[in-house]
Every structure is written in C-alpha cells, then in structure tokens.
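Here is a short note for a colleague who has not looked at this structure before. The points go from single residues to helices.

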Amino acid sequence: MEKKIPYKIYLEESEIPKQWYNVRADMKNKPAPLLNPGTLEPMKAEELGGVFCEELVKQELDNDTAYIDIPEEIHDFYKMYRPSPTIRAYYLEKLLDTPAKIYYKFEGNNTSGSHKLNSAIAQAYYAKKQGLKGVTTETGAGQWGTALSMACSYFGLDCKVYMVKCSYEQKPFRREVMRTYGASVTPSPSMDTNIGRKINADHPGTTGSLGCAISEAVEVATSNDGYRYVLGSVLNQVLLHQSVIGLEAKAALDKYGVKPDIIIGCAGGGSNLGGLISPFMGEKLRGEADYRIIAVEPASCPSLTRGKYAYDFCDTGMVCPLAKMYTLGSNFIPSPNHAGGLRYHGMSSILSQLYDDGYMEATSVKQTEVFEAAEMFARVEGILPAPESSHAIRVAIDEALKCKETGEEKTILFGLTGTGYFDMVAYEKFHNGEMGDYIPTDDDLKASLDTLPKVDK
C-alpha cells in the first residue's frame with residue numbers, strides 16, 4: 001500500500017545537512033580552471049586571494065573533496081530558517097488533471113525571500129573569520145543583495161551592493177530591505193567607478209546587467225583595503241553552499257520512498273539549479289541512478305540554448321578571471337526583462353561542463369508564458385512565486401501536461417527559489433498586457449559572440 005505523502009514534508013532540525021556536497025568530486029571531466037585575464041594561465045590561489053576570501057578560494061579550487069564540513073556558526077544560522085519544506089503540489093496536479101506527481105523545494109521561508117541566504121551567510125562568515133572590514137557584490141533582482149546584507153549585518157560587516165540599474169528602478173522596496181540591514185546600494189552601471197563610467201560611455205542609456213555590476217563591485221573591492229568581493233551565483237563555491245537545497249530535498253523524498261524522474265530548475269548563473277540537483281547528479285555521475293535534469297532559462301538571455309561553450313570574461317568590464325562556460329559574450333546586455341536574477345551572459349562552469357557532457361538538458365521560455373504559469377501556480381498553491389523560479393514552474397507544468405497526454409505517471413521535482421512579493425511591478429505589467437517577449441536575433445548574439453577572447457585552451 002502506498003504511503004500517504006503529506007502536503008509538506010519537513011525534516012527535523014537534526015537533519016539539516018552538516019556537510020556540503022561537492023559534485024566536482026564525482027565529475028569525470030572537471031570544470032575548466034579559471035584563467036588569469038592577463039596571462040591566460042590558470043589562476044593560482046594567491047592570485048584569487050586578492051579578490052576572494054582565503055577559505056572561499058580553497059573551496060573554489062577543490063575539485064576532489066566530496067564532502068566539506070559546514071562550520072558550526074553557519075549551521076546554527078541555518079537553523080533559523082532551515083530545513084525548508086519539500087511540498088507535494090496536490091492542488092496544481094488537480095488543476096492540471098495530470099497523472100504526474102509534482103513536488104517542489106521551497107526556499108522562500110526567510111526574510112531575503114530566496115535560497116541566496118544559504119551562501120551569503122557562509123561567505124560573510126569566512127570574511128569575518130579573515131578579519132575583513134566588509135565585502136562588495138552585485139545583485140540582479142535583489143535577492144542576493146538582500147541575503148548578503150542580512151548576513152553582513154549578522155556578522156557586523158560593511159556591505160556595498162551594486163544593483164543592476166533596471167532592477168534598482170523596478171524594485172525599490174527590495175533596495176530598501178538591503179538598506180534596512182545596513183547595506184549601501186548603488187545602481188549599476190554607475191558613475192562612481194572607472195568601469196562604470198566606461199560602460200556608460202560605451203552603452204549610453206544602458207539598463208545594466210549582472211556583468212556590469214560584477215565589474216564595479218570587483219573594482220571597489222580590489223581598491224579598498226580590508227574588502228573582498230563575494231558572488232551570489234556562478235562560482236564553484238556558491239554551488240557547493242547551495243547543495244543544502246538538494247541534500248534536504250533528497251532526504252525528504254527518501255523518507256517516503258519517492259524518486260523523481262524529472263528535476264527542473266531555473267538557470268541564470270546556476271546557484272539554484274546547481275544546488276537542487278547536486279546529490280541527484282552525484283548519483284547519476286556514479287551510475288547509481290538516472291534522472292532527467294532540465295535547466296530553464298529566459299528566451300531573452302539564452303546562454304545554454306544559444307550560447308557558445310568557450311572561455312569568456314565573467315564580467316562586462318573584463319577585469320575578472322576568464323571562465324569556460326556557455327556564454328553569450330560578456331558584452332551582451334540583456335533586455336530589461338523582469339527575471340532580474342537570470343540576466344547573466346554566462347553559466348556556471350560546473351553546469352556548463354555537465355551540460356556539454358550530456359548529463360542534463362536545457363530549454364528556454366518566453367516571459368509572458370512564465371508569468372501565466374506563475375499566476376496559475378499562485379492561485380492553487382498559495383505562494384506568489386519569484387519570476388526566476390517561475391521559469392521552472394512553467395516547464396514543470398508543461399511536463400505534467402505531457403504526462404496527461406501519454407498517461408505516464410512521472411514524478412517531477414522543481415526548485416521554487418523564493419517569493420515574488422517585491423516583483424509586483426512585473427506582475428502589474430503582465431496583468432496590464434504591457435509585458436513583451438523580446439528574443440535576441442542571431443545577429444544580436446553574433447555581435448556579442450564575435451568579441452569573445454581568443455583563448456587556445
């Protein structure tokens with residue numbers, strides 16, 4: 001007899017993971033190393049130490065240690081909002097009249113409103129432990145900036161946030177939450193940095209991008225003593241910290257003998273998707289189980305589905321290390337769509353390697369279709385979803401409807417990164433019929449891809 005699955009599956013506090021899982025340890029083909037932008041040689045720890053915290057550099061370069069202990073202070077902080085629930089979407093299943101079973105891992109049950117706090121508190125901890133004054137960062141939709149401002153407030157660190165200009169203007173209340181926690185917030189590109197002034201001169205009237213904001217944050221970190229730069233996505237260390245999402249989801253489903261057939265996550269830089277799939281991908285890499293894993297990106301910024309797998313700068317100002325990833329070119333400025341956290345020109349090197357090796361697939365979806373799915377989900381599941389994770393909702397619904405057509409009883413798991421209460425301008429535009437579906441042309445992408453650096457590696 002099938003065990004009745006509760007609506008919400010909660011783990012006990014004692015079941016919060018005590019170690020992060022490093023999927024690189026099980027990858028046959030490791031992610032390509034970061035390259036020094038000047039020499040085009042692999043970055044050494046001492047070089048990265050001028051930008052990142054020392055312990056985070058170690059984590060960034062560690063391709064072999066499968067499990068890394070979570071420090072007690074970080075674990076204690078996690079207890080404030082973890083474990084987060086894994087939820088059976090019974091009402092969505094009923095609405096769709098599908099034989100599919102749908103689950104989602106909900107990461108919006110903290111003040112930052114998203115999964116970003118999982119890595120923010122870790123990075124702030126290591127900065128404090130190193131004796132730094134503060135950190136700088138970028139943020140797109142504002143979820144990462146909010147999470148980092150909270151973490152820095154907790155540890156008494158200064159926090160300087162460069163927020164993508166269109167999001168700064170679209171999400172004033174997200175900005176005010178950051179300021180409430182003591183962070184300074186600057187719209188990017190700004191006129192406060194050399195790189196910001198250059199980007200504004202080269203792209204007059206630009207609405208900005210994560211690549212622009214990264215450049216400014218790095219410049220400020222490297223030109224001020226006692227500061228380091230921290231990043232909310234893309235990097236190996238971030239995906240490591242976010243593995244708590246997948247570890248908890250898998251533990252919750254294992255309690256009821258549930259094995260997902262399809263795992264779906266939104267993909268901008270890779271933090272949410274990489275964290276959700278980590279233990280499942282580990283099993284797949286080791287040959288212990290198989291899963292269909294789908295990355296979902298906006299059609300307006302399609303790095304996996306239309307980009308090139310190549311070395312590229314991680315930032316628009318071309319001051320950061322080069323990473324081998326699926327990229328649209330560091331000069332690519334996405335349209336000011338409302339999934340601000342997905343407006344990045346590249347993708348995590350880990351996810352790029354896994355995608356290139358055929359361990360996962362990718363698809364892109366239009367913005368209006370995303371908000372249709374978000375509204376459908378909100379009306380039956382009682383959570384107003386963030387635009388970013390609504391990309392995953394869109395494809396989860398599509399896959400469930402395919403099951404309706406075929407009669408297959410597949411089990412679907414997707415990541416709900418957070419809530420959309422600071423995204424009401426976007427919802428308003430959708431309801432008023434003012435939202436468009438900009439998709440870059442091949443010529444648009446070619447113009448940016450033609451500027452990729454020439455790297456013979």
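Backbone and helix notes

1. Status of the model. The structure is a predicted model. The points below should be read with that in mind.

2. Cis bond before proline 83. The peptide bond joining arginine 82 to proline 83 is cis, and its omega is near 0 degrees. Proline 83 sits in the loop that runs between α3 (72–78) and β4 (86–88).

3. Cis bond before proline 189. Serine 188 and proline 189 are also linked by a cis peptide bond, here with omega near 5 degrees. The loop that holds proline 189 lies between β8 (184–188) and α9 (194–202).

4. Leucine 40. This residue is not a glycine, yet its phi is positive, at about 60 degrees. Leucine 40 belongs to the loop between β2 (19–21) and α1 (45–48). Its relative accessible area is 26%, so leucine 40 counts as partly exposed, given that buried means under 20% and exposed means over 50%.

5. Aspartate 97. Here too a residue other than glycine has a positive phi, near 55 degrees. Aspartate 97 is placed in the loop between α4 (90–96) and β5 (101–106). With a relative accessible area of 54%, aspartate 97 is exposed.

6. Helix α17. This helix has 20 residues. From the first C-alpha of α17 to the last is 29 Å, close to the 28 Å expected at 1.5 Å a residue. Helix α17 is mostly covered, with 14 of its 20 residues buried. Glycine 407 comes just after α17 and has a positive phi of about 80 degrees.

7. Helix α18. Which residues of α18 are buried? In this helix, residues 424–431, they are Ala426, Tyr427 and Phe430. Viewed down the axis of α18, these buried residues fall within an arc of 100 degrees, so they line one face of the helix.

8. Surroundings of α18. What covers the buried residues of α18? The covering elements include α16 (367–381) and α17 (387–406). Helix α17 therefore appears in this note twice: as a helix with 14 of its 20 residues buried, and as part of the cover over the buried residues of α18, where buried means under 20% relative accessible area.

9. After α18. Glycine 433 follows α18, and its phi is positive, near 70 degrees. A glycine with positive phi also comes just after α17, namely glycine 407.

How values were computed. Residues numbered from 1 in each chain as written. Predicted model: local features only at pLDDT ≥ 70, side-chain atom pairs only at ≥ 80, totals over all residues. Heavy atoms only, no water. Helix = DSSP H or I, 4+ residues; strand = E, 2+ residues; numbered from the N terminus. Buried < 20%, exposed > 50% of the residue type's maximum accessible area, 1.4 Å probe, protein only. Arc of directions from axis to C-beta. Contact = heavy atoms within 4.5 Å. Expected span 1.5 Å × (residues − 1).
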